[in-house]
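Open the structure in your viewer and keep the sequence panel beside it. The stops below say what to select next and what is there.

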Amino acid sequence: MPTLTDTPSTPLALSPHEVEEIGRRLDALRARITADLGARDREYILSIIKTQRGCEVAGRSLMYLGFLPPFWLAGVTALSLSKILNNMELGHNVCHGQWDWMNDPEIHSSTWEWDLVCPADQWKYSHNYIHHTYTNIRGRDRDLGYGFLRIDEGQRWNPYYLGNPVYAFTLMLLVEWGVMLHNLEVDNIVRGRRRWSDIKALLTGQWRKAGKQVLKDYILFPLLSGPLFLPTLAGNTTANLVRNIWAYSIIFCGHFPSGTQAFTEEETANETRGEWYMRQMLGSANITGSKPFHILAGNLSHQIEHHLFPDLPSNRYSEIAPEIRALCEKYGLPYNTGPLRAQIGSVWWKIFRLALPPIVTGNTPQPAAVVIRQPQQLEREPLPVPH
C-alpha cells in the first residue's frame, strides 16, 4: 500500500466498480452532512463574522495610537487577522454558497462582497466553475500555473520559466491583485486567443472594485487618522501584505505540493461521478494543524475535503476528514497531508526545480497514482456541478 503522503511509484489499479463505489460512499457522506446542517453551523459562521468585525474595529481604532510602536503593532495584528478571516473563512466560503441554506441575505453567495480588489462575481466564475469543475486538467484549469508559472512537470519548459521563483514570489506579495488579473487571461491575449474587447466588462468591474479598496485602505482611513496618516498607511499596507502572504501559502499548499496529480483532457473525457471525485482527491493536499490554524486557513487546510464538497460548510471539513482518510486507506489511495512547513517547503522546491530545463533536473511528467483496470462500461452520470 502506498504511504498516505506520497504518490505511489507504481500506479494503483482500481476497477470501474471500485471507483464508482467510492463515488457512492462520498455521495452518501455528503447527503448525511447536508441533512444535519442546523443551529450549530449557524452559530459557528455568525461567531466568525462577529470575530472578524471585532478585529477590524480593534485594528482601525488602534491605528489612532499608532505613534506608539506597541499600539501600531497591535493594530496591524488585529487588522491582519480581520483581513485573513474576511478572505479565507468568510469570503472564499460564502462565495462558494456554503451558507446559502441559511437563506440569510447577508451571508449569501449572491450578495456577498469581500475585502479584496477582485470583484466576487468574477472570482466565482474563474474559481467556483472553472477551477472546481476542471481541477488540475492541463489546458482547462487555469489555476494550474495561473498562465505564467510552471508548476507541473507536464508543462513544456521554455527559457521564460527560469524566472519561476521570481514570478511566484511576486504573486505571493500581490496575490489579491493576481486573483483580480487572473480573470483577464492576459496570457491568452498575448497569444492572440483573446481580444482586448472581450475583457472590457471585466476591466470596468475591476476598476470599480479595486478603486474602492484603494480608496478605503490607502486614502480614506489614513486621512481619518490626521497627523498619523503615514503610520496608518503603513499599517494598512502591512496588513494587506500579511493577508496576501498567508493566503498564497495556504492556496499553494493545498494544490501544488509533491504528490498532487495533474491530468490530461483525454484522461478525464466523459468521466463519471466517481472518477470526478477521484480527480479531486488526487489533485489536492491537506495541511495539519490546530483548530485556530484551520479557521485562519479558511479550513482550506482540508483542501481534499473542500475539493470533494466545495459547497459544504467549512466547519464540517475537520469532522469528515477522518472518514475521507479511512476511505483512502481502504482503497490504497494516497491522502496527501503534512504540516505547513513541509508542504510549503515542497511547493517552493517544486517552483525552483521546475524553473530549470528537464535536461538539468531530469524530471518527467508524474505518473498517474491510479489507473482504471478495465474499459469503462458503466452508465455515465453527469459531473457534479460545484457552487
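The tour starts with confidence, then visits helices, pockets, cavities and a few single residues.

**Colour by confidence**

This is a predicted model, so colour it by pLDDT before anything else. The average for the protein is 90, and 90% of the residues reach at least 70. Now select residues 1-9, where the pLDDT is below 50. Apart from near neighbours in sequence, this stretch has 25 contacts in the model. Next select residues 374-387, where the pLDDT is again below 50; this stretch has 30 contacts beyond near neighbours in sequence. Where pLDDT is low, predicted coordinates should not be read in detail.

**Helix 1**

Select residues 16-36, which form helix 1. Put a distance between the C-alpha atoms at its two ends: the value is 31 Å. With 21 residues at 1.5 Å a residue, the helix should span 30 Å, so the two figures agree. Now show the side chains. Which residues of helix 1 are buried? They are Pro16, Val19, Glu20, Ile22, Gly23, Leu26, Leu29 and Ile33.

**The largest pocket**

Centre the view on Leu171, Val175, Gly178, Val179 and His182. Of the 36 residues lining the largest pocket, these are the closest to its centre. The volume of this pocket is about 750 Å³. Several elements give two or more residues each to the lining: helix 3 (69-95), helix 4, helix 5 (164-173), helix 6 (175-182), helix 7 (186-190) and helix 9 (229-255). Which helix gives the most to the lining? Helix 6 does, with 7 residues. Colour the lining by class and you get 20 nonpolar, 11 polar and 5 charged residues.

**His182**

Stay with His182, which belongs to helix 6. Is His182 buried or exposed? Its relative accessibility is 12%, so His182 counts as buried. Leaving out residues up to four places away in sequence, His182 touches Arg142, Asp143 and Tyr146. For a long view, add Lys330: the two residues are 148 apart along the chain, and their C-alpha atoms are separated by 39 Å.

**His127**

Select helix 4 (residues 120-133) and pick out His127 within it. His127 counts as buried because its relative accessibility is 11%. Which residues does His127 contact beyond its neighbours within four places in sequence? Show His92, His96, His132, Asp143 and His306. Asp143 is among the contacts of His127, and Asp143 is also touched by His182.

**The second largest pocket**

Move to Gly139, Arg142, Asp187, Arg191 and Arg193, which are the closest to the centre of the second largest pocket among its 22 lining residues. This pocket holds about 560 Å³ of space. Its lining divides into 5 nonpolar, 7 polar and 10 charged residues. Arg142, one of the residues closest to the centre here, is also touched by His182.

**Cavities**

Rolling a probe the size of a water molecule over the atoms shows where empty space is left. How many cavities of 30 Å³ or more does the structure hold? There are 4. The largest cavity has a volume of about 90 Å³. To find it, select Asp152, Thr260, Gln261, Ala262 and Lys350, which lie nearest its centre out of 13 lining residues. By class, that lining has 4 nonpolar, 5 polar and 4 charged residues.

**Val347**

Go to helix 15 (residues 340-353) and select Val347. With a relative accessibility of 0%, Val347 counts as buried. Residues up to four places away in sequence aside, Val347 touches Phe252, Cys253, Phe256 and Pro257. Add Gly259 as well: it is 88 residues from Val347 in sequence, with 10 Å between the C-alpha atoms.

**Two asparagines**

Most residues other than glycine have a negative phi. Select Asn103, in the loop between helix 3 and helix 4; although not a glycine, Asn103 has a positive phi of about 55 degrees. Then select Asn299, in the loop between helix 12 (291-296) and helix 13 (303-308). Asn299 also has a positive phi, of about 60 degrees. Which of the two is buried and which is exposed? Asn103, at 65% relative accessibility, counts as exposed, whereas Asn299 is buried, with a relative accessible area of 5%.

Note on methods:
Residues are numbered from 1 along each chain as its sequence is written. This is a predicted model: local features need pLDDT of at least 70, side-chain atom pairs count only at pLDDT 80 or more; totals for chains, interfaces and linings use all residues. Side-chain values use heavy atoms; hydrogens and water are left out. On a 1 Å grid over the protein atoms alone, a cavity is a set of points where a 1.4 Å probe fits but cannot get out, and a pocket is an open set with protein on both sides within 12 Å along at least five of seven lines; lining residues have an atom within 4 Å of a point. Grid points are joined across faces, edges and corners, and a volume is the space filled by probe spheres set on the points. Ala, Val, Leu, Ile, Met, Phe, Trp, Tyr, Cys and Pro count as nonpolar, Asp, Glu, Lys and Arg as charged, and the others, Gly among them, as polar. pLDDT is the predictor's confidence in each residue, from 0 to 100. Contact means heavy atoms within 4.5 Å. Helices (H or I, at least four residues) and strands (E, at least two) are DSSP runs, numbered from the N terminus. Buried means under 20% relative accessible area, exposed over 50%, partly exposed in between (1.4 Å probe, protein chains only). The expected span of a helix is 1.5 Å times one less than its number of residues.
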